[in-house]
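This briefing covers how two chains meet and how the strands and charged side chains are arranged. The structure is shown first, and the points follow by topic.

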2 protein chains.
Amino acid sequence: MVKQKADIPSDSDVLERLRAIGLRPTRQRMALAKLLFAQGHRHVSAEDLFKEARANDIDVSLATIYNALHDFTAKGLLRALSVDSMGTYFDTNTSDHHHFFFERSGRLEDIGTDDIQISSLPRAPKGTEVSRVDVIIRIKD
Amino acid sequence: MVKQKADIPSDSDVLERLRAIGLRPTRQRMALAKLLFAQGHRHVSAEDLFKEARANDIDVSLATIYNALHDFTAKGLLRALSVDSMGTYFDTNTSDHHHFFFERSGRLEDIGTDDIQISSLPRAPKGTEVSRVDVIIRIKD
DNA sequence: ATTTGTGCAAATCGTTTGCATCTGA
DNA sequence: TCAGATGCAAACGATTTGCACAAAT
């Protein structure tokens, strides 16, 4: 029985996905995308992904990780978020949702939009538009 | 008519305030506290305060600014907040409230708790406690 | 052939720290 | 006196950038 990682998207899936958003499917982007979208939704830092890549014998520089992460974010494949000054995390869940933030550990956990009801919001200042509403529930852990 | 800055708290006010929270009212802490609490609520970065101090002929090092800001925060005189990775802002408003975040300019603006009604929140994970709920309305400006 | 991406190392930015020197109580 | 503060410069960690090289179209 062959040992295998769960749910790693196929090369062609990833390739399509990159092409679809207009990014050249290079070796490293493909490899990183496969890692990122392999398991369920995650919150990864550049450093995390760098280590993970090394662990999987993927040879990428940290600069390339940052580039890829930003490119993916710009194209809507990822969502960047930073709470406190603990660096940037990239969330593979790009749908509308919120977060628990565990203050001690710095860990993040998704909260579905259904679990938070905001019944009234102030209107955006005249001439402006709301881009997004982020709710962060900070947890004393 | 003497030109004067509005609402700068008196030396004795500031002195009392510092003593009350157990921080020695040193020359620089006094001066910084006076700047910080002079006008209404504000969101200042360490750098902002540094420049402001220089502009007012207050001789403090940046390290001291950071120390003071953190000390004040630890004692509840300020609240630290960071959105995106634009560094830390210190909010002179320590009461429960939320923020507008203007994405282009990086500016922050307070939103009173009354202006946002959250009707349902998920329970905190077992054994943990909610420290605070932060709502950030991101504005495309 | 052309354009776009990558790697590396150096540069930058915000923030922190070590340590010798001051200063308020 | 003497614990607590300050200033400075060096150290830091995260992120960005400049540029020569490599790979994708």
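The contact draws 33 residues from chain B and 33 residues from chain A. The model is a predicted one. Between chain B and chain A, about 2800 Å² is buried, with carbon and sulfur atoms giving 56% of that area.

**Make-up of the interface**

- Pro122(B), Arg138(B) and Lys140(B) together supply 18% of the area that chain B buries against chain A, more than any other three residues.
- No salt bridge links the two chains, as the count between chain B and chain A is zero.
- Polar contacts do occur: 18 residue pairs are in polar contact between chain B and chain A, counting pairs with both residues at pLDDT 80 or more.
- On the side of chain B that touches chain A, at least two residues come from each of β4 (97-102), β6 (117-120) and β7 (129-140) of chain B.
- The strand that gives the most to this side of chain B is β7(B), with twelve residues.
- By residue class, the side of chain B that touches chain A holds 16 nonpolar, eight polar and nine charged residues.

**Strand pairing across the interface**

- β7(A) and β7(B) run antiparallel and are joined by eleven bridges.
- Within this pairing, Asp134(A) is placed opposite Ile136(B) of β7(B).
- A further antiparallel pairing joins strand β6 (residues 117-120) of chain A to β6(B), over three bridges.
- Here Ile118(A) has Ile118(B), in β6(B), as its bridge partner.

**Relation between the copies**

- A turn of 179° with a shift of 0.0 Å along the axis lays chain B on chain A with an RMSD of 0.1 Å.
- The two copies are therefore related as by a two-fold rotation axis.
- Because 100% of the interface residues of chain B are also interface residues in chain A, the copies meet through the same surface.

**Sheet and strand pairing within chain A**

- Three strands of chain A form an open sheet in the order β1-β3-β2, with antiparallel pairing.
- The edges of this sheet are β1 (43-44) and β2 (79-81) of chain A; each has a single partner strand, so one side of each is left without a neighbour in the sheet.
- Two bridges hold the antiparallel pairing of β1(A) with strand β3 (residues 89-91) of chain A.
- Val44(A) has Phe90(A) in β3(A) as its bridge partner.
- Elsewhere in chain A, strand β4 (residues 97-102) and strand β7 (residues 129-140) pair in the parallel sense over four bridges.
- In that parallel pairing, Phe100(A) is bridged to Ile137(A) of β7(A).
- β7(A) thus takes part in two pairings, one parallel with β4(A) and one antiparallel with β7(B).

**Salt bridges**

- Over all chains, the count comes to 16 salt bridges, while the count between chain B and chain A is zero.
- One of them joins the side chains of Lys34(A) and Asp11(A), at 2.6 Å from N to O.
- Lys34(A) belongs to helix α2 (residues 27-36) of chain A and Asp11(A) to helix α1 (residues 11-20) of chain A, so this pair ties together parts that are 23 residues apart in sequence.

Definitions and conventions: Residues are numbered from 1 along each chain as its sequence is written. Chains are lettered from A and ligands numbered from 1 in the order in which they are written. This is a predicted model: local features need pLDDT of at least 70, side-chain atom pairs count only at pLDDT 80 or more; totals for chains, interfaces and linings use all residues. Side-chain values use heavy atoms; hydrogens and water are left out. Contact means heavy atoms within 4.5 Å. Buried area is the accessible area (1.4 Å probe) that two parts lose on being put together, summed over both. A salt bridge is a side-chain nitrogen of Lys or Arg within 4 Å of a carboxyl oxygen of Asp or Glu. A polar contact is a pair of N or O atoms within 3.5 Å; within protein, one must be able to donate a hydrogen and the other to accept it, and residues adjacent in sequence count only if both atoms are side-chain atoms. Ala, Val, Leu, Ile, Met, Phe, Trp, Tyr, Cys and Pro count as nonpolar, Asp, Glu, Lys and Arg as charged, and the others, Gly among them, as polar. Two strands pair if DSSP finds at least two bridges between them. Copies are superposed by least squares on the C-alpha atoms of residues with pLDDT of at least 70 in both.
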